[in-house]
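Please look through the model below slowly, following the chain from its beginning to its end. The paragraphs after it will lead you from the overall fold to single residues and back again.

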Amino acid sequence: MSQSQQQQKPIVTVLKCLKCGYTTERPFREGDFIPKIEGTCPQDGAPLFIWGIYAKSNQQQKNK
Ligand SMILES: [Zn+2]
């Protein structure tokens, strides 16, 4: 198999406030893990948890 890694999918980290359910996304950074606490909710000041980490698919999806 010859795979090129020229097309890297961006990794996205999802942050969630457990108090009000607010969620936001940002680019994944090294050291991110679930359920790391990072930052505070802009709505109520409660801590934000890393809720999910996933690879975001581009518009280059192949139709099967
Ligand atoms: Zn909140």
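A residue is called buried when its relative accessible area is under 20%, exposed when it is over 50%, and partly exposed in between, with a 1.4 Å probe and protein chains only. What you see is a predicted model, in which local features need pLDDT of at least 70 and side-chain atom pairs count only at pLDDT 80 or more, while totals for chains, interfaces and linings use all residues. Residues are numbered from 1 along each chain as its sequence is written, and side-chain values use heavy atoms, with hydrogens and water left out.

Let us begin with the fold. The protein has zero helices and four strands, where helices (H or I, at least four residues) and strands (E, at least two) are DSSP runs numbered from the N terminus. Read along the sequence, the pattern is therefore written β-β-β-β. Of the 64 residues of the protein, 20% count as buried. Its exposed surface comes to about 5,400 Å², of which carbon and sulfur atoms supply 49%; such areas come from the Shrake-Rupley method with a 1.4 Å probe, and for residues only the protein chains shown count as cover. If we take contacts (heavy atoms within 4.5 Å) between residues at least 6 apart in sequence, 46% of them join residues at least 24 apart.

Which residues make up the largest nonpolar core? A nonpolar core is a set of buried Ala, Val, Leu, Ile, Met, Phe, Trp, Tyr and Cys residues joined through side-chain atoms within 4.5 Å, and here the largest one has six residues, namely L15, C17, C41, A46, L48 and I50. Strands β1 (11-17) and β4 (47-55) each supply at least two residues of this core. One core member, L15, is found in strand β1 and counts as buried because its relative accessibility is 6%. Leaving aside neighbours within four places in sequence, L15 is in contact with Y22, T23, T24, R26, E38, L48, F49, I50 and W51. L15 and G52 are 37 residues apart in sequence, yet their C-alpha atoms are 7.1 Å apart in space. Another core member, L48, touches residues beyond four places away in sequence that include L15, C17, Y22, I37 and C41.

Two of the core residues, C17 and C41, also take part in the metal site. The protein donors of the zinc ion are C17 (SG), C20 (SG), C41 (SG), D44 (OD) and D44 (OD), which lie 2.3 to 2.6 Å from the ion. Donors are N, O and S atoms within 2.8 Å of the metal (3.2 Å for Na, K and Ca), and sites may look incomplete because water is not among the atoms. In sequence, the donor residues are spaced C-x2-C-x20-C-x2-D. C20 lies in the loop between β1 and β2, and C41 in the loop between β3 and β4, so this pair ties together parts that are 21 residues apart in sequence. C20 is partly exposed at 38% relative accessibility, whereas C41 is buried at 3%.

Charged side chains provide further links. A salt bridge is a side-chain nitrogen of Lys or Arg within 4 Å of a carboxyl oxygen of Asp or Glu, and the count comes to four salt bridges. One of them joins E25 and K56 (3.4 Å, N to O), and this pair links distant parts of the chain, with E25 in strand β2 and K56 in the segment after β4, 31 residues apart. E25 is partly exposed at 40%, and K56 is partly exposed at 37%. E38 meets R26 in a salt bridge (2.8 Å, N to O); E38 lies in strand β3 and R26 in strand β2, so the pair ties together parts that are twelve residues apart in sequence. Are these two residues buried or exposed? E38 is buried, with a relative accessible area of 17%, and R26 is buried at 13%. E38 also meets R29 (3.4 Å, N to O), and R29 is partly exposed at 47%. R26, R29, D32 and E38 are linked in a network of salt bridges.

Finally, turn to the loop between β2 (23-27) and β3 (37-40), where P35 has its place. A cis peptide bond joins I34 and P35, with omega about 0°. F28 lies in the loop between β2 and β3 as well, and F28 is partly exposed at 32%.
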